Amino acid sequence: MNSGTLFCFSLGLLLIIRIISVLLSRRKHIGTTHPTCRVAVFLGSGGHTSEMLQMMKGLDLERYEPRLYIVSEGDQFSAEKAAEFETGSSFPEAFSVTTIPRARKVLQPIWTVPFTASISFFICVKEFTLKPWLQGKPFADLLLLNGPGTCIPLFATVFLNRVLGMQSPRVIYIESFTRVKTLSLSGRILRPLVDRFVVQWPNLTRKGEKERYSGWLI
């Protein structure tokens with residue numbers, strides 16, 4: 001084995017060890033001792049956006065601020081609903097909206113998804129890895145997800161930050177109210193990876209320290 005091969009092997013082994021370490025050290029405690037918590041919310045369009053904003057009504061907006069709403073490219077509905085939600089609250093507006101490319105567009109052929117998902121991931125890295133690194137602080141303390149597929153490149157960016165040793169937000173995935181008997185595809189993918197996985201129907205629960213059945217949240 002030459003020196004180049006040995007170096008690549010050692011680097012790959014260290015990367016695998018680091019990934020395993022990150023997976024085993026997922027945060028069990030979601031709370032914070034700080035008076036405020038910067039929260040990022042992914043609005044997945046349509047029903048996903050409506051459900052997430054309905055759940056946001058249960059947050060103390062005076063504490064959970066500033067708020068960053070992340071929407072998919074071309075999803076004007078979610079951007080407008082976020083602004084409408086903020087202007088309708090009784091607290092001073094402390095929010096911003098940023099846009100990322102969709103991992104998959106409606107009716108897009110499956111074979112092209114890796115390409116568009118990669119573009120989405122690279123833009124997420126730019127927005128949520130490089131910019132926070134230059135600013136010296138994470139883009140949020142808490143990230144809320146409830147699908148659909150575009151939230152996967154977003155979470156992958158958070159996971160990358162953890163592998164790199166950067167500060168990153170705790171991640172809570174809330175499965176859609178409409179998922180009564182089975183999990184969504186994004187839910188099945190992210191269930192073992194996020195810090196807390198919340199379901200709204202009891203038959204979707206399984207034993208696990210980071211999983212929680214909280215009843216109906218909308």
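This is a short tour of the structure above, stop by stop, with a selection to make at each one.

**Before you start**

You are looking at a predicted model, in which local features need pLDDT of at least 70 and side-chain atom pairs count only at pLDDT 80 or more, while totals for chains, interfaces and linings use all residues. Residues are numbered from 1 along each chain as its sequence is written, and side-chain values use heavy atoms, with hydrogens and water left out.

**Stop 1: the whole chain**

Show the protein chain as a cartoon and colour it by secondary structure. You should find 6 helices and 7 strands; helices (H or I, at least four residues) and strands (E, at least two) are DSSP runs, numbered from the N terminus. Walking from the N terminus, the order of elements is α-β-α-β-α-β-α-β-α-β-α-β-β.

Now switch on the surface. Its accessible area is about 12100 Å², and 63% of that belongs to carbon and sulfur atoms; areas come from the Shrake-Rupley method with a 1.4 Å probe, and for residues only the protein chains shown count as cover. Of the 218 residues, 43% count as buried. Here buried means under 20% relative accessible area, exposed over 50%, and partly exposed in between (1.4 Å probe, protein chains only). Among contacts (heavy atoms within 4.5 Å) between residues at least 6 apart in sequence, 68% join residues at least 24 apart.

**Stop 2: helix α1**

Select Leu6, Phe9, Leu13, Leu14 and Ile17. Together they form a nonpolar patch on the surface, with about 510 Å² of accessible area. Patches are made of residues with over 30% relative accessible area and no salt bridge; like charges are joined within 9 Å, and nonpolar side chains (Val, Leu, Ile, Met, Phe, Trp, Tyr) within 5 Å. Leu6 sits in helix α1, residues 3-24, and is partly exposed at 44% relative accessible area.

Add Ile16, which is also found in helix α1 and is partly exposed at 49%. Then draw a distance from its C-alpha atom to that of Val163: the two are separated by 10.0 Å, although they are 147 residues apart along the chain.

**Stop 3: the nonpolar cores**

Which residues have the most contacts inside the largest nonpolar core? Select Ile70, Phe128, Leu143, Leu145 and Leu154, in a core of 27 residues. A nonpolar core is a set of buried Ala, Val, Leu, Ile, Met, Phe, Trp, Tyr and Cys residues joined through side-chain atoms within 4.5 Å. At least two residues each come from β1, β2, α4, β4, α5, β5 (170-174) and β6 (196-199). The largest share, 6 residues, comes from α5. Apart from this core lies another, of 19 residues, among them Met52, Leu61, Leu142 and Leu144.

Zoom in on Leu145. Leaving aside neighbours within four places in sequence, its contacts include Phe42, Met52, Leu154, Phe155 and Ile172.

**Stop 4: aromatic pairs**

There are 6 aromatic pairs to look for. Rings of Phe, Tyr and Trp (its six-membered ring) pair if their centres lie within 6.5 Å; planes under 30 degrees apart count as stacked, over 60 as edge-to-face and the rest as tilted.

Select Tyr69 and Phe95, an edge-to-face pair at 6.1 Å centre to centre with 70 degrees between the planes. Tyr69 lies in strand β2 (residues 67-72) and Phe95 in strand β3 (residues 95-100), so the pair ties together parts that are 26 residues apart in sequence. Tyr69 is buried at 0%, whereas Phe95 is partly exposed at 27%.

Next, pick Phe155 and Phe159, a tilted pair at 6.3 Å and 40 degrees. Both lie in helix α5 (residues 151-163), 4 residues apart, about one turn of the helix. Phe155 is buried at 3% relative accessibility, and Phe159 is buried at 18%.

**Stop 5: salt bridges**

The last stop covers 5 salt bridges, each a side-chain nitrogen of Lys or Arg within 4 Å of a carboxyl oxygen of Asp or Glu.

- Arg38 and Asp141 meet at 3.1 Å, N to O. Arg38 is in the loop between α1 and β1 (39-43) and Asp141 in the loop between α4 (113-135) and β4 (142-145), so the pair ties together parts 103 residues apart in sequence.
- Arg67 and Glu86 meet at 2.7 Å, N to O. Arg67 is in strand β2 and Glu86 in helix α3 (residues 76-87), 19 residues apart, and both are buried.
- Glu127 and Lys131 meet at 3.2 Å, N to O. They are separated by about one turn of helix α4; Glu127 is buried at 18%, while Lys131 is partly exposed at 36%.
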